[in-house]
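Keep the viewer open and follow the stops below in order. Each stop names a selection and then says what is there.

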Amino acid sequence: MKVFLDLFIEFFQIGLFAVGGGPATIPFLMDIPDRHTWYTRADVVNMLAVSESTPGPIGINMATYAGFSAAGVPGGIVATFSLVLPSLIVIILVAKILEKFSTNPYVKSAFSGIRPLVTGLIATAVYSIFQTALFTAEDGSFQILIPSAVLCVILFALMNVKKLKKIHPFFWMVAGAAAGIIFKM
Amino acid sequence: MKELIQLYLAFFRIGGLTFGGGLTMLPMLKHELVEKKGWVTEDDLLDYYAVGQCTPGIIAVNVSTFVGYKRKGIPGAVFSTLGMISPSLVIISVIAAFLKQFMDYPAVVHATAGIKAVVCALMLNTVITMGKKTLVNRISVFICIAGFLLAMFTPVPSVLLVIVSGLTGIILYKAGKLQP
């Protein structure tokens with residue numbers, strides 16, 4: 001039973017203090033092996049690789065994996081629930097406050113200042129994913145991965161064909177996975 | 001109850017069908033919530049992301065909680081969040097239990113490389129649409145580029161960038177240069 005309490009304490013803390021999403025949880029996950037024997041630091045690297053290759057938010061995947069290593073399926077559930085509980089509470093409070101002030105000109109003008117910034121922040125995510133997916137060789141050196149780059153360009157062009165705009169993004173991912181396997185990308 | 005289940009299912013699909021973290025989920029959120037359901041606008045999504053960046057926790061979860069709360073209050077927030085995390089719980093548990101060597105299968109590595117190329121194209125598409133909507137004048141272009149450079153090449157935390165650009169918005173409004 002104690003392991004569940006420990007999982008709750010560890011992951012509630014991560015949920016409460018990791019600001020900046022999934023990547024921000026990694027340093028916390030790296031600290032856990034100092035206090036518990038659930039997994040080793042080296043395991044975190046494999047957990048991250050699996051989390052990036054499976055659907056779902058990376059932070060949630062990591063928490064499920066770490067919790068599972070500690071105490072099986074119930075451990076994964078406890079870790080994940082503990083991780084999202086602070087978000088639920090904080091976001092509900094923030095949403096309540098913002099609702100009250102949603103017509104306030106200061107709040108509205110603050111958000112009009114923030115929206116272009118968020119576009120810039122999304123652009124950083126685009127930059128990073130381009131770098132890792134198209135321009136980094138297996139050994140970590142810079143290299144243009146031609147099959148990936150070609151696939152990306154073709155898909156981008158197809159996505160902007162008027163008739164194909166409504167296609168569910170998952171369809172493109174299935175196509176990309178198939179292309180990856182066929183061309184051994 | 002019906003709408004709560006709809007929320008759960010919508011976020012289950014988003015969580016179960018996207019690869020990568022919070023920001024790479026944006027194309028899927030846009031498709032499901034803006035285009036298909038019409039529950040939120042693109043501006044709303046950007047606002048939720050802004051809040052999700054500054055508040056603790058996983059950004060994808062923060063955004064789902066926010067959308068769920070807006071639709072159906074606290075129960076909506078709970079159902080959306082549960083929907084978002086359910087696929088991960090199932091998939092990761094199966095892999096951790098039976099496929100410990102998951103990353104050693106060449107097919108997984110190749111498929112992942114292909115999916116990443118797709119995510120590149122999807123994200124590029126999304127950032128262009130968002131740019132067209134949000135970069136409406138010189139100041140907004142400046143905020144976007146400055147934010148990109150600072151977040152990319154300096155250790156300035158994005159929370160601070162959100163606060164500064166929010167204040168910029170307020171100052172511009174005060175100076176009469178912005179209509180909120």
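A residue counts as buried if 20 or more other C-beta atoms lie within 10 Å of its own, and as exposed if 12 or fewer do. Keep in mind throughout that this is a predicted model.

**Stop 1: a loop residue in chain B**

Select B:Thr24, which is placed in the loop between H1 and H2 of chain B. Is B:Thr24 buried or exposed? B:Thr24 has 25 other C-beta atoms within 10 Å, and therefore counts as buried. Now show its contacts. Leaving aside residues up to four places away in sequence, B:Thr24 touches B:Thr18, B:Phe19, B:Val119 and B:Met123 in chain B, and A:Ala125 and A:Ile129 in chain A. Add B:Ala60 to the selection: 36 residues separate B:Thr24 from B:Ala60 along the chain, and their C-alpha atoms are 9.3 Å apart.

**Stop 2: chain B as a whole**

Hide chain A and display chain B as a cartoon. Chain B has 7 helices and 0 strands, so to read its elements from the N terminus is to read α-α-α-α-α-α-α. The C-alpha trace of chain B spans about 60 × 40 × 30 Å along its principal axes. Of its 180 residues, 57% count as buried. Among contacts in chain B with a separation of 6 or more, 53% are between residues 24 or more positions apart.

**Stop 3: helix H1 of chain B**

Select residues 2-17 of chain B, which form helix H1. What span should its 16 residues have at 1.5 Å a residue? The expected span is 22 Å, and the end C-alpha atoms are 22 Å apart, which agrees.

Colour the buried residues of H1(B): B:Leu7, B:Tyr8, B:Ala10, B:Phe11, B:Ile14, B:Gly15 and B:Leu17. Bring chain A back to see what covers them. The cover includes helix H7 (169-182) of chain A, along with helix H2 (26-36) and helix H4 (59-98) of chain B.

**Stop 4: H2 against H5 in chain B**

Select H2(B) and H5(B). Their axes are 9 Å apart and the two helices pack at an angle of about 65°. On the H2(B) side, show B:Leu26, B:Pro27 and B:Lys30; these meet B:Leu122, B:Met123, B:Asn125 and B:Thr126 in H5(B). By class, this contact has 4 nonpolar, 2 polar and 1 charged residues.

**Stop 5: the side of chain B that touches chain A**

Show both chains and select the residues in contact between them. There are 93 residues of chain B in contact with 83 residues of chain A. Elements of chain B that give two or more residues to this side are H1, H2, helix H3 (42-54), H4, helix H5 (106-134), helix H6 (138-153) and helix H7 (158-174). Which element gives the largest share of the side of chain B that touches chain A? That element is H5(B), with 22 residues. Colouring the chain B side by class gives 60 nonpolar, 29 polar and 4 charged residues.

**Stop 6: the nonpolar core**

Select A:Ile122 and B:Cys120. Within the largest nonpolar core, which has 107 residues, these are the residues with the most contacts. H4(B) supplies the largest share of this core, 17 residues. Centre on B:Cys120 and show its contacts: with residues up to four places away in sequence left out, B:Cys120 touches A:Ile129, A:Phe130, A:Ala133, A:Leu134 and A:Cys152.

**Stop 7: the domains**

Colour chain A by its domain assignment, domain 1 (2-100) and domain 2 (105-182). The C-alpha centres of these two domains of chain A lie 26 Å apart.

Then do the same for chain B, which is divided into domain 1 (2-133) and domain 2 (135-180). In chain B the C-alpha centres of the two domains lie 26 Å apart. The contact between them takes 4 residues from domain 1 of chain B and 4 residues from domain 2 of chain B. On the domain 1 side, H3(B) gives the most, with 3 residues. By class, that side has 2 nonpolar, 2 polar and no charged residues.

**Stop 8: a residue after H7 of chain A**

Finish at A:Lys184, in the segment after H7 of chain A. A:Lys184 has 12 other C-beta atoms within 10 Å, so it counts as exposed. Check its backbone as well: phi of A:Lys184 is near 45°, a positive value in a residue other than glycine.

Notes
Residues are numbered from 1 along each chain as its sequence is written. Chains are lettered from A and ligands numbered from 1 in the order in which they are written. This is a predicted model: local features need pLDDT of at least 70, side-chain atom pairs count only at pLDDT 80 or more; totals for chains, interfaces and linings use all residues. Helices (H or I, at least four residues) and strands (E, at least two) are DSSP runs, numbered from the N terminus. The expected span of a helix is 1.5 Å times one less than its number of residues. Two residues are in contact if their C-beta atoms, placed from the backbone, lie within 7 Å. Ala, Val, Leu, Ile, Met, Phe, Trp, Tyr, Cys and Pro count as nonpolar, Asp, Glu, Lys and Arg as charged, and the others, Gly among them, as polar. Axes are lines fitted to C-alpha atoms, for helices over the stretch in contact, and angles run from 0 to 180 degrees between N-to-C directions. A nonpolar core is a set of buried Ala, Val, Leu, Ile, Met, Phe, Trp, Tyr and Cys residues joined through C-beta atoms within 7 Å. Domain bounds come from an automatic or database domain assignment.
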